[in-house]
Amino acid sequence: MAKKRKRTDAPAEAAGAEKPDDSAPARPERTLFGFKDLVPDAEPASAGAEAAVAPFRNREKVLITCSRRITYRYRHLMQDVLSLLPHAKKDSKVESKQSKGNALNELLELRSCSSCLFFECRKQKDLYLWMVKSPGGPSVKFLVNAVHTMEELKLTGNHLKGSRPLLTFSTNFDEQPHWKLVKEMITQISVPHNEIDKVDKGGLDKMTLIEVGPRFCLNPIKIFGGSFGGPTWYENPYYISPNQIRALEKRQKAGKYAKKVKAKVRRKMHEMENTLEPDEFAELWKGE
């Protein structure tokens, strides 16, 4: 009976060699503003070399949504605002009720957003904009007037979808505290520019600004201390609701009709007080 051959042992070097690690890298830690980037191990910097500056990464996420039964013009306006903010998230419509604040706060927490732009339409005529910082507030309620979407304006411009907006504020925003708060909220919702994107003063003369749209006017109504509610910090004393404006217009139209009725009554009274004398020649030509 033949003997079995013994297997030769593998070389010591091959036995001691380690297999390459094919496992996936560890997932970064998730925070309120998204996933936190892992910081690589610091390398010793050479003499005279400057430390590299980490690039700016926006952590501000804005949720843009609207109420149900919104008109098509206001929905197009919301789409235009959404195209201007590259870090925005869109969600389904929300019922415009008293409990909308609780539903939107939960939605903001689920979508990991720290700000919200809520377009609320009432009576399919009036549009209100809620600008909210979540979860602690504050929140500002605006009345939107003079709405012109990008499709209506049809203006030309060399721009890209999701490009950063250019914000300019007058000196009035630095005088009173409520205007300072509105300025700070609008600045936080937009994406700041990098230091590299800044243009030299000499290059500003060669640049021209072309309006692209959309165009609308925001009339502040109230500023609340919480998210979609809370204590009232400021109330616009010059604000007039659209219902009052429409009621005043109806009264003016009703006043025109009342003037016509009074004019007819005065005419009849004048005819009764000043009767005409009978004409002597009225029956002269009746016989012929």
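**A seven-stranded sheet and its surroundings**

Hi everyone, let's start with the sheet: it is open, has seven strands in the order β4-β3-β5-β6-β7-β8-β9, and its pairing is mixed. At the edges stand β4 (88-90) and β9 (229-235), each with a single partner strand, so one side of each has no neighbour in the sheet. From one strand to the next, the twist averages 30°.

A quick word on where this comes from. We are looking at a predicted model, where local features need pLDDT of at least 70, side-chain atom pairs count only at pLDDT 80 or more, and totals for chains, interfaces and linings use all residues. Residues are numbered from 1 along each chain as its sequence is written, and side-chain values use heavy atoms, with hydrogens and water left out.

Now some terms. Helices (H or I, at least four residues) and strands (E, at least two) are DSSP runs, numbered from the N terminus. Two strands pair if DSSP finds at least two bridges between them.

How many bridges join β5 and β6? Strand β5 (residues 115-122) and strand β6 (residues 126-133) pair over eight bridges, in the antiparallel sense. Within this pair, R122 stands opposite D126 in β6.

Helix α5 (residues 177-189) packs on the sheet, touching β3 (62-66), β5, β6, β7 (139-148), β8 (215-226) and β9. Contact here means heavy atoms within 4.5 Å. The direction of α5 makes about 80° with that of β6; axes are lines fitted to C-alpha atoms, for helices over the stretch in contact, and angles run from 0 to 180 degrees between N-to-C directions.

On to the loops. Between β5 and β6 you'll find K123, whose phi is positive, near 60°, though the residue is not a glycine. K123 is exposed, with a relative accessible area of 58%; exposed is over 50%, buried under 20%, and partly exposed in between (1.4 Å probe, protein chains only). In the loop between β6 and β7, a cis peptide bond joins S134 to P135, with omega about 5°. P138 lies in the loop between β6 and β7, and the bond from G137 to P138 is cis, with omega near 5°.

Finally, confidence. pLDDT is the predictor's confidence in each residue, from 0 to 100, and the chain averages 77. Confidence is highest in β7, at 93, and lowest in strand β2 (residues 34-35), at a mean of 46. Over residues 39-51 the pLDDT is below 50, and this stretch has zero contacts in the model beyond near neighbours in sequence. Where pLDDT is low, the predicted coordinates should not be read in detail.
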